[in-house]
Amino acid sequence: MIRSLSRQAPAPQEIELKLSLPMADPARLATQLAQVPALSRHQATHQTLHNIYYDTPDQQLRQQHAVLRLRRVGSSGAPRWLQTFKMGSSEPSALSRRSEWETPVAAATLSHQALKATTWSEIDSDGSLFAALAPCFVTHFERTLWLVQQHDNSVVEVALDLGQIEALGQTTPICELELELKAGEPSVLFDIAHEIAHSVAVLPSSMSKGQRGYALAQAGLNRPYRAPLPNFSKDVPVLLMAQQVLRHALTQFTTNLESLLCSDDPEVLHQARVGWRRFKSARQMFRKLMPLAAPQPDAALHGLLTHLGELRNLDVARTETLPALAEAFILGDPRRAQAWQTMMTLLTQLSDQQRETVRQALQQADVGASLLAIQQWLENLPADGQSRPAPRMRLRGWVKQRMQRLNRQLDKACQVANTPAQWHQVRILAKRLRYGTENLQGLMPPRLVKLSLERASTLQSSIGASRDTAHISTLMARLALEPGVAEFLRGFSVGATRALASTAHSAKHIA
Ligand SMILES: O=P(O)(O)OP(=O)(O)OP(=O)(O)O
């Protein structure tokens, strides 16, 4: 916890970088980490932590991004109790900054008195909220701690937490690393994280244990995550705006990646890819204003993105395109039904294998290191911007200009589209227009928002549906199909490819 030097903001701050550990074997983690050069020079210590989280029945603390918990340190025989109150922000990021007050208390009972020195009264002026508090979930875990002191006097506490969260009879594992800044600049957190990421697979993670506890209690863990669209005032500095847009998109990507490790839900994968596309579109849109160019994904991250795309194609065929065709092929004939079923079983096996490939890729150290580099660049934007200020501009004018440019690019691509690769380009530009409009709609005239969104989604869905269908023939070549099924799908695919040509033709008129 860092004490602020500013007179206006005396609240102690917790600055923390959270990394999840998508490794198959948590039992080896402590040994592996102990060999990381930054940690090997320091003796690890151990703590057993048991935490009870409190909230009102209608979760007023959660709604205000606040956390109140009682923590027992050590065994139940000789316990030490701490009461912790944290106030966070609504900005999702693996690098969190929260106000935090931690006070020793005599027993396992919440103390109103201990909250007097905090900002509690801002959310509970008459004490009624405190009176309505009740336990809502617990966490308990073993913490292995390294206190890393650097030559520049920075101090970072690196904590490996292994244990579980329990809510309403449900449990979920805790397996994560937290790097908390005790002294120095936040960049030192990334320096140490990079060293760790060379040898241990990590993923930047924006969910606190508290958020995961709430999600567990509501059966909402590992569900598809759609980051909320940022809301700006018209005088927000442009780099902060870019940072918020990019942060939401990157968090959408990494949160769904984490869920992909244990969820088979096609929508989780879909939202991971949407997150990455939102990120890429925003990176492209803001690129000229950036003090430093974003790091490009390395080969391992590229590999993961390719695997995700292949899995998405299989998911779409298995859950959307083919089920819609089943009746047209089967026509009530049991033998045809059997042949269709055999194909669907093969397809399911193929997508299970591909899912496994994705999970293996997520466990590669290089993927985490690449994501960490992107996260660091993103968190540094305002600081980098101080040394290389963005050009002065009228924000609304700039946004309008960008959107008009995107529309013009789309017009041009529609006019020349004639080959599958060109239609694909139209679809990419349509998505860019949609994400750009969604991200910046608060700064655009409402009529332009409406027109751009309508145009982008019409193009995107009509070209997308035909393309998914045309893709079936590529996919089918990978499966040993019965001749009847293969012929039916070949015929269907030829028809779909022609439909794609006519869709692209009408797309020129949407332009
Ligand atoms: O020990 P802390 O205070 O960092 O808290 P935690 O139990 O690790 O929970 P969180 O995920 O909120 O940092």
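At the start of helix α11 in this predicted model, a side-chain oxygen of D333 comes to within 2.8 Å of the backbone nitrogen of R335. The helix that follows runs over residues 334-362, 29 residues in all, and reaches 42 Å from its first C-alpha to its last. That is close to the 42 Å expected at 1.5 Å a residue.

Helix α13 can be checked in the same spirit. Its 22 residues should span 32 Å at 1.5 Å a residue, and its end C-alpha atoms are indeed 32 Å apart, so the two figures agree. Which residues of α13 are buried? They are L395, W398, V399, R402, M403, L406, N407, L410, A413 and C414. Why might a run of buried positions in a helix be spaced three or four apart? An α-helix has 3.6 residues a turn, so residues three or four places apart point the same way.

Now for the cores. The largest nonpolar core holds 62 residues, and M241, F253, L257 and F286 touch the most other members. Helices α8, α9 (266-286), α10 (299-330), α11, α12 (365-387), α13 (395-416), α14 (420-440) and α15 (446-470) each put in at least two residues. The largest share, 11 residues, comes from α8. Take F286 as a way in: setting aside its neighbours within four places in sequence, F286 is in contact with M241, A242, V245, W398 and L440. W398 turns up again here, having already appeared among the buried residues of α13. There is also a second, separate core of 35 residues, and L110, I123, V138 and L221 are among its members.

Helix α14 has a charged residue worth a look, E438. Is E438 buried or exposed? With a relative accessibility of 18%, E438 counts as buried, because the cut-off for buried is under 20%. Once neighbours within four places in sequence are left aside, E438 is in contact with L229 and L453.

Earlier in the chain, an unreviewed UniProt entry places the feature "domain: CYTH" at residues 12-220. Over that stretch the chain is 21% helix and 44% strand, and the C-alpha atoms at its ends are 31 Å apart.

Two residues have a positive phi although neither is a glycine. H65 has a phi of about 55°, and N222 has one near 55°. Where do they sit? H65 is in the loop between α3 (60-63) and β3 (66-73), while N222 is in the loop between α7 (209-217) and α8 (238-260). H65 is partly exposed, with a relative accessible area of 39%, and N222 also counts as partly exposed, at 29%.

Last come the cysteines. How many disulfides does the structure hold? The answer is zero. C175 is in no disulfide, and the nearest cysteine sulfur to it, that of C262, is 12 Å away. C262 is likewise in no disulfide, with the sulfur of C175 as its nearest cysteine sulfur, 12 Å away. A disulfide needs the two sulfurs within 2.5 Å, so 12 Å leaves C175 and C262 unpaired.

Here are the accessibility values for five residues discussed above or in this section.

| Residue | Relative accessibility | Class |
|---|---|---|
| C175 | 18% | buried |
| C262 | 52% | exposed |
| E438 | 18% | buried |
| H65 | 39% | partly exposed |
| N222 | 29% | partly exposed |

Key: Residues numbered from 1 in each chain as written. Predicted model: local features only at pLDDT ≥ 70, side-chain atom pairs only at ≥ 80, totals over all residues. Heavy atoms only, no water. Buried < 20%, exposed > 50% of the residue type's maximum accessible area, 1.4 Å probe, protein only. Helix = DSSP H or I, 4+ residues; strand = E, 2+ residues; numbered from the N terminus. Expected span 1.5 Å × (residues − 1). Polar contact = N/O pair within 3.5 Å; in protein donor to acceptor, adjacent residues only side chain to side chain. UniProt positions renumbered as here; feature names shortened; annotations may be inferred. Core = buried A, V, L, I, M, F, W, Y, C linked by side-chain atoms within 4.5 Å. Contact = heavy atoms within 4.5 Å.
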